[in-house]
Amino acid sequence: MIRAGRLKRVQTMADLAARLGMPLGTFRNKKPHTQKGHPAPISSKDARALLWDSEQTDAFYAGEPVPALGEANDDEDLLDRHEAAAEVGVEPVTWNKYKSDPQVVEHVVMVGGTEHWPRRVVRQFKENRPGYGAGGGRRVGSGDMVPRDQLLPRIAELLDDNPAITLTEAADELGVAKFPTAQAGLAQVRGRRIADLIEADPDLTPLQAAERLGYPRVTHRGAAVVAEAELRACRARPYVQQVADALAQADVARQAEVEVRQLAGGYLASAIILGSDQRVPALVWDERYGWRTATNRRHPIGKDTGAAPEGEGIRYLGSSAQPKPAELLEALTDSRRGSKRPKAFPEENA
């Protein structure tokens, strides 16, 4: 998370690469941020785009002691979607729906191409959302022993000790509700670990990976669904990043790490924020329809990219769902290359 009052000190991976005088691609390959003693990212453990605090990195590269950051839990801390979801007690995919709520939508802060929200806004939404009793929030007597932002790391520790831990055991150990908190958390962590194992050994199926990790059969289905979503996003991300890098090299967009998210219905989408000197604020990619222009810099994707109406400010670009960066650049700079929304590109999504 970004601690209160430290937004101006945030560095993206591209910023850190520039600070070290190396191309972003070289930075990704050499991974200087993994060297011993290097300040840890301030972004959440599950964030796709890494962020750092420049006061810490400047001190490290100057050979000086790395200063500690202030404690978290301030109302003005900025949370990414994983942290906001944990604060509310839901999965990130659910937060993707919640963030369009009027209580939340006007408070988003874009940092390095990633959405963040003040903790106070997330807390207020949690207290006010319907279905949680007269006073909002969790029902009386159901307070959790483990803070939401520590839930998934604690579940990971439990799985390290006992991969076959039961739902009841995890809920009792953590002091959280079995449904949906413990159930969703266990599925999320198990799913991510299955996805990591398959990335390392692509010949494995999700069920084989689950068995190798020692997960009980009753958990396989839920964890496999999470793993497949993670793997699909991982497979799509290199293409979107390639486009983002090409746009940045052409001075059309600011260099940034892309984030591929899952929409309602399981479809993948991503957005690239363009420079302030461009005619459109952002480009949006949907695996069904390819690329289109967006009219909103703060909320380029919206609830469903496939529902974006044709009209002023909205143009679909390219001849396929994954056009080459050069074709996309040409389409972006030539208004005659815009097209109406395609029905989809089934030959690419099969």
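These questions and answers walk through a predicted model of one protein chain.

Me: How many helices and strands are there in the protein chain?
Reply: This model is predicted. The protein chain has 350 residues. Its secondary structure comes to 14 helices and ten strands.

Me: What share of the residues in the protein chain is buried?
Reply: Buried means under 20% relative accessible area. The accessible surface of the chain is about 17,600 Å², and 50% of that belongs to carbon and sulfur atoms. Of the 350 residues, the buried share is 47%.

Me: Among contacts between residues at least 6 apart in sequence, what share joins residues at least 24 apart?
Reply: Contact means heavy atoms within 4.5 Å. Take the contacts between residues at least 6 apart in sequence. The share that joins residues at least 24 apart is 55%.

Me: Is helix H4 largely enclosed by the rest of the structure, or exposed?
Reply: H4 covers residues 81-88. Its buried residues include Arg81, His82, Ala84 and Val88. Because eight of the eight residues of H4 are buried, the helix is largely enclosed.

Me: What covers the buried residues of H4?
Reply: The buried residues of H4 include Glu83, Ala85 and Ala86. Two strands are among the cover, E3 (78-79) and E5 (114-118). Helices are there too: the cover includes H5 (92-98), H7 and H10.

Me: Which residue meets Arg81 in a salt bridge?
Reply: Arg81 sits in helix H4. The partner is 178 residues away, in the loop between helix H12 (217-249) and strand E6 (261-262). Both residues of the pair are buried. At 2.6 Å, N to O, the partner of Arg81 is Glu259.

Me: Is Glu87 buried or exposed?
Reply: Glu87 lies in helix H4, and its salt-bridge partner Arg123 lies in helix H7 (residues 119-128), 36 residues apart. Arg123 is partly exposed because its relative accessibility is 25%. Glu87 has a relative accessible area of 11%. That is under the 20% limit, so Glu87 is buried.

Me: Which residues are joined into one network by salt bridges that share partners?
Reply: Arg123 and Glu87 form a salt bridge, with their closest N and O atoms 3.2 Å apart. Salt bridges that share partners link this pair with others. The network is Asp75, Asp77, Glu87, Arg119 and Arg123.

Me: How many salt bridges does a search of the whole structure find?
Reply: Side chains of opposite charge can pair when their charged atoms come close. One such pair is Glu259 and Arg81. The search of the whole structure finds a total of 24.

Me: Which residue forms a salt bridge with Asp58?
Reply: Asp58 lies in helix H3 (residues 54-61), and its partner lies in helix H1 (residues 13-19), 39 residues apart. Asp58 is partly exposed, at 34% relative accessible area. The partner is partly exposed too, at 37%. With the closest N and O atoms 3.2 Å apart, the partner is Arg19.

Me: Which helix gives the most to the negative patch?
Reply: The negative surface patch is formed by Asp161, Glu169, Asp172 and Glu173. Glu173 is partly exposed, with a relative accessible area of 45%. A patch residue needs over 30%. Three residues of the patch come from residues 167-174, which is helix H9.

Me: Where is the cis peptide bond from Phe179 to Pro180 placed, in terms of Pro180?
Reply: The bond from Phe179 to Pro180 has omega near 0 degrees, making it cis. Pro180 falls within residues 178-200. That is helix H10.

Me: Where does Lys31 lie?
Reply: Lys31 is not a glycine, yet its phi is positive, at about 50 degrees. Lys31 counts as partly exposed, at 41% relative accessibility. Its place is the loop between helix H2 (24-30) and strand E2 (51-53).

Me: Is Asp251 buried or exposed?
Reply: Asp251 lies in the loop between H12 and E6. Its phi is near 60 degrees, a positive value in a residue other than glycine. Exposed means over 50% relative accessible area. Asp251 is at 62%, so it counts as exposed.

How values were computed. Residues are numbered from 1 along each chain as its sequence is written. This is a predicted model: local features need pLDDT of at least 70, side-chain atom pairs count only at pLDDT 80 or more; totals for chains, interfaces and linings use all residues. Side-chain values use heavy atoms; hydrogens and water are left out. Patches are made of residues with over 30% relative accessible area and no salt bridge: like charges are joined within 9 Å, nonpolar side chains (Val, Leu, Ile, Met, Phe, Trp, Tyr) within 5 Å. Accessible areas come from the Shrake-Rupley method with a 1.4 Å probe; for residues, only the protein chains shown count as cover. A salt bridge is a side-chain nitrogen of Lys or Arg within 4 Å of a carboxyl oxygen of Asp or Glu. Lys and Arg count as positive and Asp and Glu as negative; His and the chain ends are not counted. The place of a charge is taken as NZ of Lys, CZ of Arg, CG of Asp or CD of Glu. Helices (H or I, at least four residues) and strands (E, at least two) are DSSP runs, numbered from the N terminus. Buried means under 20% relative accessible area, exposed over 50%, partly exposed in between (1.4 Å probe, protein chains only).
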